[in-house]
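User: Please take a close look at one part of this model, the largest pocket and what it holds. I would like one connected account.

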Amino acid sequence: MVVSEGRRGDAKDAASWSRRLRRVRLVLTVSGAFFLLMGFIGELSPLQALVGFGVISAAALIEASGEPSTESVARGREDVRMHPRDLIIEAVISGLPDPAIVLEHDSIVRTFNAKALEIAPALARGQPLSFALRNPGVLEALRRAADVGAELRVEYFERVPADRWLEALIAPIAVDGTARGQLLLMVFHDMTPLRRVEEMRADFVANASHELRTPLASLSGFIDTLLGPARGDPQARERFLAIMKDQAERMARLIDDLLSLSRIELKAHIHPETAIDLVTIVRQVADALQLLARDRGVAIEIDMPPCEMMVLGDRDELIRVFENLVENALKYGASGKRIDLAIARETTADGDEAVVSVKDYGPGISPEHLPRLTERFYRVDVAESRAQGGTGLGLALVKHVLQRHRGRLSLESTLGSGATFTVRLPIARSTAASEQTC
Ligand code: ADP
């Protein structure tokens, strides 16, 4: 329905008059009764009574029109009458994506948006902020912002209702062009995800430095020995040089893995677009690792289809994935003497997938370690990993490469019976129809 401006204006006027009349109805009733009585008992003439009633009614109506119009706003438990200016402020802050509170100069809550209740559920209009938000740092910053009349930023940690880092931005605001600092606007921002990333980065740098420092310390120790006490000892020199070579190779492997990880992370959101045959890749990896398998007395049993299985991928990265998984099976599961390497096609609700599994019959992994194995530098047994030339980055690399390829890794293990690492990759759409037989 279309309502013209004029009609809408009339409707508004009528509503306003009825509101005013409602507000002064008591005054009108009492004064009407008084002047009627005065006229009736003859104290006033009917004209005097009528004029008197008219003057009192007009005064009451003028007074009512001067009052700010109020509106009842229900807010959960409270029902507060708000000034129109507060309604405007509330309308503005309710559009903010973050929690926001508007306060009086003396930290009394004037209004807030619904999101603010998430960080301070006990917030209530007309109450001091400290009833709902007790962090001393925030309250102190609020006092300072009110005193100085300048913007302030404060970061704080809270445990209730959940562990999180919050940043509060406090800005004095001018209302109706009055002196700056009349009200204080607080806007909160959840810094927890950023803090977590910072913590992870710090942990990563600490771990990487530690991993590099260990072989470096060993190298410089052997150099000192060779320059000092073992200077004229050819047998010791041979032995030490072999260890030094080992340590230098370990450092090189670590730097190599770190660089690969950072390169893959840089292009995490770029999905490879080249169609490559996964069967060829897996076969190449198996062939390349046959020598190592023979050295360790392990037989690699291969179960592969006699056809191509095309996926969109980066050849080198996928080779790295299967090398890591088969090498791990050889490093940690060699006692089982056998590795099953299989590739098959599976149809799922999301489309066809290539499924590659690497199964060993070694000691297996106890369940509490499984969810953490793809974390950087996480190892079940650090000493064993180092003894095997591990860097603790292999499975993290596998996970990141697979994410970039829209694939996934799953692992299953029963302690004492070995472990199975399974890779799933979507089969390239264009070849899915032509490869029905595979
Ligand atoms: P690493 O360089 O130490 O091998 P990875 O990230 O490749 O690092 O593997 C992390 C840890 O997972 C290894 O240190 C090892 O403890 C465990 N692990 C990986 N594969 C196997 C496996 N097939 N059997 C038993 N444990 C394994």
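Analyst: The largest pocket has a volume of about 890 Å³. This is a predicted model. In all, 40 residues line the pocket, and those closest to its centre are Asn328, Lys331, Tyr332, Ser385 and Gly390.

Start with the walls. Helix 8 (234–266), helix 11, helix 12 (382–387), helix 13 and strand 14 (418–426) each supply at least two residues of the lining. Helix 11 provides the largest share, eight residues. By class, the lining has 14 nonpolar, 13 polar and 13 charged residues.

Now the occupant. The ligand sits in this largest pocket. Two elements give two or more residues to the shell around the ligand: helix 11 (315–332) and helix 13 (394–404). Helix 11 gives the most, with four residues. So helix 11 leads twice, if "near" for the shell is taken as a heavy atom within 4 Å: it has the largest share of the pocket lining, and it gives the most to the ligand shell.

The shell holds 18 residues, of which Tyr332, Ser385, Thr391, Gly392 and Leu395 come nearest to the ligand. Its make-up is nine nonpolar, six polar and three charged residues. Tyr332 and Ser385 are thus on two lists: they are among the residues closest to the pocket centre, and among those nearest the ligand.

Next, the polar contacts, for which the cut-off is 3.5 Å between N or O atoms. Three side chains are worth following.

- Tyrosine 332 has a polar side-chain atom 2.6 Å from a ligand oxygen.
- Asparagine 328 has a side-chain N or O atom 2.9 Å from an oxygen of the ligand.
- Lysine 331 places a side-chain N or O atom 3.2 Å from a ligand oxygen.

Taken alone, the ligand exposes 530 Å², and the protein buries 96% of that. Asn328, Lys331 and Tyr332 are also among the lining residues closest to the pocket centre. Their numbers fall within helix 11, which spans 315–332.

Finally, two backbone details in the loops. Lysine 337 lies in the loop between helix 11 and strand 11 (338–348). Its phi is positive, about 65°, although lysine 337 is not a glycine. Phenylalanine 377 is placed in the loop between strand 12 (351–360) and helix 12. Here too phi is positive, about 70°, and phenylalanine 377 is not a glycine. Each loop borders a helix that contributes to the pocket lining: helix 11 for lysine 337, and helix 12 for phenylalanine 377.

Terms used
Residues numbered from 1 in each chain as written. Predicted model: local features only at pLDDT ≥ 70, side-chain atom pairs only at ≥ 80, totals over all residues. Heavy atoms only, no water. Polar contact = N/O pair within 3.5 Å; in protein donor to acceptor, adjacent residues only side chain to side chain. Areas by Shrake-Rupley, 256 points an atom, 1.4 Å probe, with all protein chains shown as cover. 1 Å grid on protein atoms, 1.4 Å probe; cavity = no way out; pocket = protein on both sides within 12 Å on 5 of 7 lines; lining within 4 Å. Sits in = over half its atoms within 2 Å of the grid points. Nonpolar A, V, L, I, M, F, W, Y, C, P; charged D, E, K, R; others polar. Points joined across faces, edges and corners; volume = space filled by probe spheres on them.
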